[in-house]
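Trainee: I would like to take a close look at one part of this model and then see what surrounds that part. Could you walk me through the picture slowly, in one connected answer?

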Amino acid sequence: MRAEWLLAGLASGRVTTTYPRQRKQELSRHRWNSVPTMNGPCSDTACRGCSEVCPTEAITRGEAYGNAALRLDVGACIACGRCVDRCPEGVFSWAEAIDRAEVGKELLISTMEGGADHDG
Amino acid sequence: MTADHGIPADWDELEEQGMSARLARYFGHSLHIRHIDVGSCNACESEVLALSNPYYNFHRLGLFFTHSPRHADVLLVTGALTQAMAPVLRETYDAMPRPRLVLAAGVCALHGGVFANSSRFVGPVDSVLPVDAYIPGCPPNPYALLQGLLKAIRSREEVKSS
């Protein structure tokens, strides 16, 4: 009985991840929702849906950042996913890179205004 | 900025050797991490402890947890900094030998998250200590914790060489 368990364990190979080597392969094995990203500019200047549903004010928009501008602070995002569900234009989606970390706090903030993407 | 955030798509053998050399130069072949919880909900702790399980197995990179800040190279801070823990965090940092790195992990340590408006919340960790890497996520997954650590070591090297 024990020998069977041992043989089965040895036959199934290693389970340890090779990260950070083969990073893309390792990350693509998981479909986790870690942080959202912005796909493109928002055309509806009157809509405030995303900033209204955001519980930690990670998403802000309005006059301070231009009329249609969006500002997403990933450092304040608790990954509730309400913006992803709420936005009718699909501006927000879950990031592919689930291992995001930065050396500066300002690198976690991305803004988007009127078609041009000012990431970082 | 690309979606890969400046890290090569495939961490090839050369990068691996470079990182090993950096670890050896600055921290003597191994890196010891002191984890401190300054007011967390334990979701971040769950992810931090997953680093040492057989799947993530961060010992293969020469990384270890230590219980004493006097043995630590890295201070890993999780949770929303409360008034009661602010002096403790400062003492822990002061007890660490140089060079020392500070990682802020989780949205509570970076910004406050859902506790940002609490009366007992002091502020983000970088208002108290110099932070080398910011790891977002609620909670950050173990890959992000490793990425933050590797980026912090690399950025410290850039500062040193400039």
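Mentor: Let us begin just after helix 1 of chain A, where A:Gly13 takes a positive phi of about 80°, bearing in mind that this is a predicted model. The helix that comes before this glycine, helix 1 of chain A, covers residues 2–11, and because the number of buried residues among its 10 is zero, helix 1 lies largely in the open.

From there we can turn to where the chains meet: 33 residues of chain A are in contact with 36 residues of chain B. On the side of chain B that touches chain A, helix 4 (107–110), strand 5 (133–135) and helix 5 (142–161) of chain B each supply at least two residues, and helix 5 of chain B gives the most, with nine residues. By kind, the residues on this side of chain B divide into 21 nonpolar, nine polar and six charged.

Strand 5 of chain B leads us on to the sheet, an open one in which five strands of chain B follow the order 2-1-3-4-5 with parallel pairing. Strand 5 and strand 2 (63–65) of chain B are the edge strands, each pairing on one side only, and neighbouring strands of the sheet are turned by 25° against each other on average, direction ignored. At the strand 2 edge, strand 1 (residues 31–37) of chain B pairs with strand 2 of chain B in the parallel sense over three bridges, and B:Ile33 has B:Phe65, in strand 2 of chain B, as its bridge partner. Finally, helix 2 (residues 43–50) of chain B lies across strand 1, strand 3 (74–78) and strand 4 (101–105) of chain B, running at about 145° to strand 3 of chain B.

Key:
Residues numbered from 1 in each chain as written. Chains lettered and ligands numbered in written order. Predicted model: local features only at pLDDT ≥ 70, side-chain atom pairs only at ≥ 80, totals over all residues. Contact = placed C-beta atoms within 7 Å. Helix = DSSP H or I, 4+ residues; strand = E, 2+ residues; numbered from the N terminus. Nonpolar A, V, L, I, M, F, W, Y, C, P; charged D, E, K, R; others polar. Buried ≥ 20, exposed ≤ 12 C-beta atoms within 10 Å, placed from the backbone. Pairing = 2+ DSSP bridges. Axes fitted to C-alpha atoms, helices over the stretch in contact; angles between N-to-C directions.
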